[in-house]
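Here is a set of short exercises to work through with the model open beside you. Try each task by yourself, then follow the solution step by step.

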Amino acid sequence: MERAIADQLEALHPDAFGWALHCCAGDHARAEDVLQNAYLKLAQQRAQHDGRSSFKTWWFGVIRFTAHEEFRRLRYRESLLGRLLQLAGPEHDPRPSPARQLELDERAAELRRCLAQLPARQAEVLHLVFYQDLTLNEAADVMRVSIGSVRQHYERGKARLRTLLQPDSPHEA
Amino acid sequence: MKPNSDDDLCAVFAHARRCDHEDAPAWRPELLDAPRQRPRTVLRWVPVALLTACVVVLAVFISDGPGHEPRLSEALPPLFDSPPGELFASLEPPLLAFEAPSDILLTSRLSTKIP
């Protein structure tokens, strides 16, 4: 692994974890697994930056793809066939423990709850733009959709999120 | 791309970002030094299968080589061994002896006799 890439990865590590956390709907354990698998892909040269986009957008695309793979694997495990084939193992609860829930900052938790109520694309583009400070073009690169589509998700998502963040707005369970 | 009217959302996300960074796992550079993925078992057997196929093809080619091929003169039927004879002797009826019904009209057959 080249030193320059390792340095970039180290600098991006906290934000990469935040992105993995978003892709895993706030599940810390899964986010750590996803990020570790993404690092393994890099180390095993199963993912290589070809220079067509910035390193950050490419790396976030890898994390997003890895999270989707992990999600599909989880869905399979939870399926009936998966239950039949899988040996009895410990059940994984994606929700944070009560102690962990207390530790989470209330405002951050509120934002996560509101984002969870948005369509996935809208939540993704809002996270990439406001949390990761990417432009709409870069967000489109990460999400592999057109800039027009991203702009639409961005505008609709902002309006909906503002409504949800208002103190008297009803939250879905 | 982001107008200033979005400051409220920026503040909320910035706060969430700070919280997540505090919870982020420590950077582990040793993850990047993981050994390269070994080739899959199926791919490992490909050269062996190819080598075996080559050996089989070679064995078939050698066992069925030109030494066992019959000579051309032996393979042909004995067309020219029969004794020479008249070329169209076997044709019946003979071509020259054929008489058509209209042959009586030929001048050689007609004999006009003047009384």
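**Exercise 1. Decide whether B:Asp6 is buried or exposed, then find its charged partner.**

Step 1. This is a predicted model, so everything here is read from predicted coordinates. The relative accessible area of B:Asp6 is 1%. The cut-off for buried is under 20%, so B:Asp6 counts as buried.

Step 2. Now look for a nitrogen partner. A:Arg162 makes a salt bridge with B:Asp6, and the closest N and O atoms are 2.9 Å apart.

Step 3. Place both ends. This pair crosses between chains: A:Arg162 sits in helix α9 (residues 147–165) of chain A, while B:Asp6 belongs to the segment before α1 (7–23) of chain B.

Step 4. Check the cover on the arginine. A:Arg162 has a relative accessible area of 25%, so A:Arg162 is partly exposed.

Step 5. Follow the shared partners. A:Glu155, A:Lys158, A:Arg162, B:Asp6 and B:Asp8 are joined into one network by salt bridges.

**Exercise 2. Describe the interface between chain B and chain A: how many residues are in contact, and how much area is buried?**

Step 1. Count the residues. On chain B, 29 residues are in contact with 42 residues of chain A.

Step 2. Take the area. The two chains bury about 3300 Å² between them, with 64% of it on carbon and sulfur atoms.

Step 3. Count the charged pairs. There are five salt bridges between chain B and chain A. One of the salt bridges in the model links A:Asp15 to B:Arg17, where the closest N and O atoms are 2.7 Å apart.

Step 4. Sort the chain B side by class. The residues there that touch chain A are 17 nonpolar, four polar and eight charged.

Step 5. Add the polar contacts. Eleven residue pairs are in polar contact between the two chains, both residues of a pair being at pLDDT 80 or more.

**Exercise 3. Set the two chains side by side: how many helices and strands does each have, and what share of residues is buried?**

Step 1. Start with chain A. It has nine helices and zero strands, and 45% of its 173 residues count as buried.

Step 2. Look at its contacts. Among contacts in chain A with a separation of 6 or more, residues 24 or more positions apart account for 65%.

Step 3. Turn to chain B. Here there are four helices and zero strands, and 13% of the 115 residues count as buried.

Step 4. Write down the exposed areas. Chain A exposes about 9800 Å², of which carbon and sulfur atoms supply 52%. Chain B exposes about 10700 Å², with 65% supplied by carbon and sulfur atoms.

**Exercise 4. Walk along helix α3 of chain A: what does A:Thr66 touch, and which residue pairs with A:Arg73?**

Step 1. Locate the threonine. A:Thr66 is in helix α3 (residues 55–78) of chain A, and at 3% relative accessible area A:Thr66 is buried.

Step 2. List its neighbours. Leaving out residues up to four places away in sequence, A:Thr66 touches A:Val34, A:Asn37, A:Ala38 and A:Lys41.

Step 3. Find the charged pair. A:Arg73 forms a salt bridge with A:Glu70, with 3.0 Å between the closest N and O atoms. Both residues lie in helix α3, three residues apart, which is about one turn of the helix.

Step 4. Compare the two ends. A:Glu70 is buried at 7% relative accessible area, whereas A:Arg73 is partly exposed at 38%.

Step 5. Look for a pair with matching spacing in helix α6 (residues 106–116) of chain A. A:Glu110 and A:Arg113 are three residues apart there, so about one helical turn separates them. Their salt bridge has its closest N and O atoms 2.9 Å apart.

**Exercise 5. Where in chain A do A:Asp133 and A:Arg144 lie, and are they buried or exposed?**

Step 1. Take the aspartate. A:Asp133 is not a glycine, yet its phi is positive, near 60 degrees. A:Asp133 lies in the loop between α7 (120–131) and α8 (136–143), and is exposed at 54% relative accessibility.

Step 2. Take the arginine. A:Arg144, also not a glycine, has a positive phi of about 60 degrees. A:Arg144 lies in the loop between α8 and α9, and counts as exposed at 71% relative accessibility.

Technical notes
Residues numbered from 1 in each chain as written. Chains lettered and ligands numbered in written order. Predicted model: local features only at pLDDT ≥ 70, side-chain atom pairs only at ≥ 80, totals over all residues. Heavy atoms only, no water. Contact = heavy atoms within 4.5 Å. Buried area = accessible area lost by both parts, 1.4 Å probe. Salt bridge = Lys/Arg side-chain N within 4 Å of Asp/Glu carboxyl O. Polar contact = N/O pair within 3.5 Å; in protein donor to acceptor, adjacent residues only side chain to side chain. Nonpolar A, V, L, I, M, F, W, Y, C, P; charged D, E, K, R; others polar. Buried < 20%, exposed > 50% of the residue type's maximum accessible area, 1.4 Å probe, protein only. Areas by Shrake-Rupley, 256 points an atom, 1.4 Å probe, with all protein chains shown as cover.
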